[in-house]
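Tutor: Please examine the model below. The discussion will turn to its backbone geometry and then to one of its sheets.

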Amino acid sequence: MVLGIESSCDETGAGIVRGGKLLAHVVASSMDEHARFGGVVPEIAARAHLHAFTPVVRQALADAGLRLGQIDAVAVTTGPGLSGALQVGLAGAKSLAYAADVPLYGVHHLAGHVAADTLEHGPLPEPSVVLIVSGGHTSLLLVPDLVREPILHLGDTLDDAAGECFDKVARILGLPYPGGPAIDRAARDGDPGAVTFPRPLTRAGDDPYAFSFSGLKTAAARWVEQHRQRGAEPSVADGAAALQEAVADVLTRKAVRACRDHDVKTLIVVGGVAANSRVRGLAEQRCQAAGIELRVPPMTLCTDNGAMIAAVGDLLVRSGAEPAPLDVSIDPSAPLEYASLTPLPRSSARAA
């Protein structure tokens, strides 16, 4: 019985998983507090985690019909993420593990996103190609076994992540934060072919697995600026639809190519942008044409949540992985090599 804690950004999440089955899933978001700033403010996020941590954990235990003493392990995001936000979650998780006298497991945030799919579709096929798309991450991974073998990074974004591009262009178009859902809603009434936006890093000779969305963001900003210089307002719906089409095209084109190049028959798309309707739709269309199985978690498990961290913890416990020491620290910029993330304890780091 594993309790998972997630606090890397603006969601405070607690989830409980046993034997790959989800028993509880509770999330408190501070998104509304950040909306007027057009993005996440780290100090506000950390304070929101302080207020939400205990109620969220209590609700998860209540939903599962459990007491803290019935938990067998605690898993917590130890990186990457906002330093202050991670510290709140880790401190709370350490307290729970100490109080319940159970092992503590440090979990890599991105591995949690990958594991979220197992709660809906069961164990990951070996190997799998995983496309992680969110506000802060856009990565292609080759995953032979999530907890037992190294995870191979095929490619990452060189600048803006896909979700960050949505947020910034949404603001330019006058749409609310967060930009991803706003772009998706606006695009329903638009023509994706009305504007020809670039497809970054898709020409011959470009890195086949790298992403770049900064230029696409700039192209959208110039398109808006050109309209306004002529004294006209651009079509928000057309701009949103064209931007969404460009992002979905690049993401799915590279993901399917990765599957073909590595002879992998399963593509898993996870992260907040996996909730985008066009990303899902185009991924399904291209995977079907290529004979690739597509797996995407339910929308409630796409964004940050404690259930995905509990899912990794559950896999680690069942694989016999060593828990983290209780004085383990966070790593806000941790690379994804293994699902288990146990940075050096502070005392060891000082000695080194």
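**Backbone and sheet**

Student: Between which elements does the loop that holds aspartate 263 lie?

Tutor: Aspartate 263 belongs to a loop, here set against helices (DSSP runs of H or I, at least four residues) and strands (E, at least two), numbered from the N terminus. The model is predicted: local features need pLDDT of at least 70, side-chain atom pairs count only at pLDDT 80 or more, and totals for chains, interfaces and linings use all residues. Residues are numbered from 1 along each chain as its sequence is written, and side-chain values use heavy atoms, with hydrogens and water left out. The loop of aspartate 263 lies between helix 9 (236-261) and strand 9 (266-270).

Student: Which residues other than glycine have a positive phi, including aspartate 263?

Tutor: Most residues other than glycine have a negative phi. Aspartate 263 has a phi near 55° and is exposed, at 59% relative accessible area (exposed is over 50%, buried under 20%, partly exposed in between, with a 1.4 Å probe and protein chains only). A positive phi of about 60° occurs in another residue, found between helix 3 (83-100) and strand 5 (104-108), namely aspartate 101.

Student: Is aspartate 101 buried or exposed?

Tutor: The relative accessibility of aspartate 101 is 70%. Aspartate 101 therefore counts as exposed.

Student: Which proline follows tyrosine 177 through a cis peptide bond?

Tutor: Most peptide bonds are trans. Glutamate 126 is joined to proline 127 by a cis bond with omega near -5°, and proline 127 lies in the loop between helix 5 (118-121) and strand 6 (128-133). The bond after tyrosine 177 is also cis, with omega about 0°. Its second residue, in the loop between helix 6 (162-173) and helix 7 (179-187), is proline 178.

Student: Which strands stand at the edges of the sheet ordered 8-7-6-9-10?

Tutor: Five strands form this open, mixed sheet, where two strands pair if DSSP finds at least two bridges between them. The twist averages 20° from one strand to the next. Each edge strand has a single partner, so one side is left without a neighbour in the sheet; these are strand 8 (152-156) and strand 10 (293-295).

Student: At what angle does helix 9 run to strand 6?

Tutor: Strand 6 runs parallel to strand 9, with four bridges joining them; isoleucine 132 has valine 270 as its bridge partner in strand 9. Angles run from 0 to 180 degrees between N-to-C directions of lines fitted to C-alpha atoms, for helices over the stretch in contact, contact being heavy atoms within 4.5 Å. Helix 9 lies across strands 6, 7 (138-143), 8 and 9, and its angle to strand 6 is about 160°.
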